[in-house]
Amino acid sequence: MYRVWNFVTTYSLLLIGGALIALIWANISPNSYHDIVELVLIDDFIIGHAHEVGGQIHRTLTLHYLVNDVLMALFFAIAAKEVWEAIILEEGSLRGSKAVTPLIATLGGMLGPVAVYLGLAAVLGVYSLVSQGWAIPTATDIAFSYLVGRMVFGAGHPAIRFLLLLAIADDAGGLLILAVFYPSGELAPEWLLLSFGAAAVVFVLANWLPRHLDRGNQLRPNSTWVRKVLSFWPYLIAGCLSWYGFQEAGIHPALGLLPIVPTIPHADRGFGLFAEAEEHLHDLLNTIEHHLKYPVEIILLFFGLLNAGVEFSAISEPTWLVMGGLLIGKPLGILVIGWVGARLLGFGLPEGMTMRDVFVLGCVAAIGFTVALFVASVAFDAGPVQDAAKMGALFSFAAAGISLLAGKLLRVQKVGH
């Protein structure tokens with residue numbers, strides 16, 4: 001019921017494949033690589049990078065914008081779906097007291113990296129140059145952390161569930177940080193009325209109203225008709241409107257589908273984060289996720305290809321700041337604040353876990369990769385600082401080796417299924 005291995009393995013391999021091709025390509029032929037990344041698909045279009053021409057906003061749709069700002073909205077929608085279900089469904093992972101310690105530890109896993117990143121930046125004398133990138137090391141890559149966590153703890157260890165909760169809450173925090181601290185242009189919040197208006201209208205017309213009309217009728221004819229005939233189309237239209245509202249509001253449009261996710265009819269209970277058992281659920285929200293699974297895997301291949309192409313000569317201070325934030329700040333923040341939650345506030349740890357496990361788990365969570373790359377591309381303009389920060393996100397894979405070593409030294413007991 002709770003297996004996530006197949007989904008995550010495929011996701012990870014394609015993303016790593018794209019990133020490795022990008023690294024090799026950018027170091028062999030940087031000019032041709034950057035020409036492809038910034039390839040103009042449509043000039044003067046309704047969506048794309050905004051720049052001013054003669055006092056008017058002019059948008060250019062490039063390949064990079066198409067992948068990072070348009071298609072990655074589907075990836076963030078799937079992450080948001082898992083967070084939403086974990087919060088609202090019966091048996092949801094982020095409901096009740098069982099989630100308190102992981103959520104408190106998540107806070108430490110975000111504050112620790114920020115403190116280390118900014119502290120090191122001040123010590124190295126580059127604070128003003130790199131301070132905008134403070135959020136890059138707050139990220140935890142769900143898929144890769146899960147893969148490494150299984151190697152360290154085994155599939156049946158309670159630390160795996162703790163890690164997944166922490167990673168998904170971390171992503172939720174990351175989405176919030178992106179929306180609040182990294183606007184994509186001049187803020188025009190009135191455009192958010194379009195996004196949230198589209199969400200409200202589609203919820204009322206395609207979700208609430210059919211159920212309201214069917215109350216007392218077990219055959220549910222209206223809900224069935226909407227599900228079978230209209231299917232996902234009302235939500236697709238609302239999603240496009242919401243995405244456009246985010247773009248025009250100056251908030252990163254990759255988050256543009258987030259208001260729509262909670263409006264889609266969902267299952268009554270959850271089986272766990274990314275659980276394979278969800279393949280047997282036929283509510284519209286899970287059905288949409290099933291159909292998005294393979295396209296999103298291909299999108300992540302292109303995301304890796306268009307974002308991880310950094311020349312090794314780009315390594316500089318931001319590289320070490322991002323690595324320090326992730327490899328030092330993340331484990332220490334999770335350990336210290338996790339201890340506060342578990343011991344000082346008395347929320348405790350899951351049965352079978354110790355504080356040693358929490359530290360090792362913090363080392364595993366230091367793999368930033370996907371979201372860290374994404375935040376780096378948003379935090380800095382294209383150039384040497386962004387490239388150096390991206391290299392730090394790529395080097396965070398060192399956390400895998402550190403985690404395996406820490407697991408051995410602290411004698412973590414692997415637990416099978």
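Let's start with one pair of side chains: E297 and K293 meet in a salt bridge, with 3.9 Å from N to O. This is a predicted model, and a salt bridge here requires the nitrogen and oxygen to be within 4 Å. Because E297 and K293 sit four residues apart in helix α11, about one helical turn separates them. Both residues of this pair are buried.

How many salt bridges does the structure hold? There are four, and two others are worth a visit.

Stay in helix α11 for the next one. E289 forms a salt bridge with K81, and their closest N and O atoms are 2.7 Å apart. This pair links distant parts of the chain: E289 belongs to helix α11 (residues 284–307), while K81 belongs to helix α3 (residues 63–88), and their positions lie 208 residues apart in the sequence count. Are these two residues buried or exposed? E289 has a relative accessible area of 12%, so it counts as buried, because buried means under 20%. K81 is buried too, at 2% relative accessibility.

Now move to K330 and D170, whose side chains meet in a salt bridge at 3.0 Å, N to O. K330 lies in helix α12 (residues 317–344) and D170 in helix α7 (residues 158–181), so this pair ties together parts that are 160 residues apart in sequence. With a relative accessibility of 0%, K330 counts as buried. Its partner D170 is buried as well, with a relative accessible area of 2%.

Let's step back and look at the whole protein. Its secondary structure comes to 16 helices and three strands. Links between distant parts of the chain also show up in the contacts: among those with a separation of 6 or more, 77% come from residues 24 or more positions apart.

What about the overall shape? A compact globule of 417 residues would have a radius of gyration near 22 Å, and the protein has 22 Å, which agrees. Along its principal axes, the C-alpha trace spans about 65 × 65 × 35 Å.

Finally, consider the inside and the outside. Of the 417 residues, 53% count as buried. The protein exposes about 18700 Å², and carbon and sulfur atoms supply 67% of that area. As for charge, there are 21 positive and 30 negative side chains. The centres of these two sets lie 15 Å apart.

Technical notes
Residues numbered from 1 in each chain as written. Predicted model: local features only at pLDDT ≥ 70, side-chain atom pairs only at ≥ 80, totals over all residues. Heavy atoms only, no water. Helix = DSSP H or I, 4+ residues; strand = E, 2+ residues; numbered from the N terminus. Buried < 20%, exposed > 50% of the residue type's maximum accessible area, 1.4 Å probe, protein only. Rg over C-alpha atoms; globule rule 2.2 N^0.38 Å. Contact = heavy atoms within 4.5 Å. Areas by Shrake-Rupley, 256 points an atom, 1.4 Å probe, with all protein chains shown as cover. Lys, Arg positive; Asp, Glu negative; His and termini not counted. Charge placed at Lys NZ, Arg CZ, Asp CG, Glu CD.
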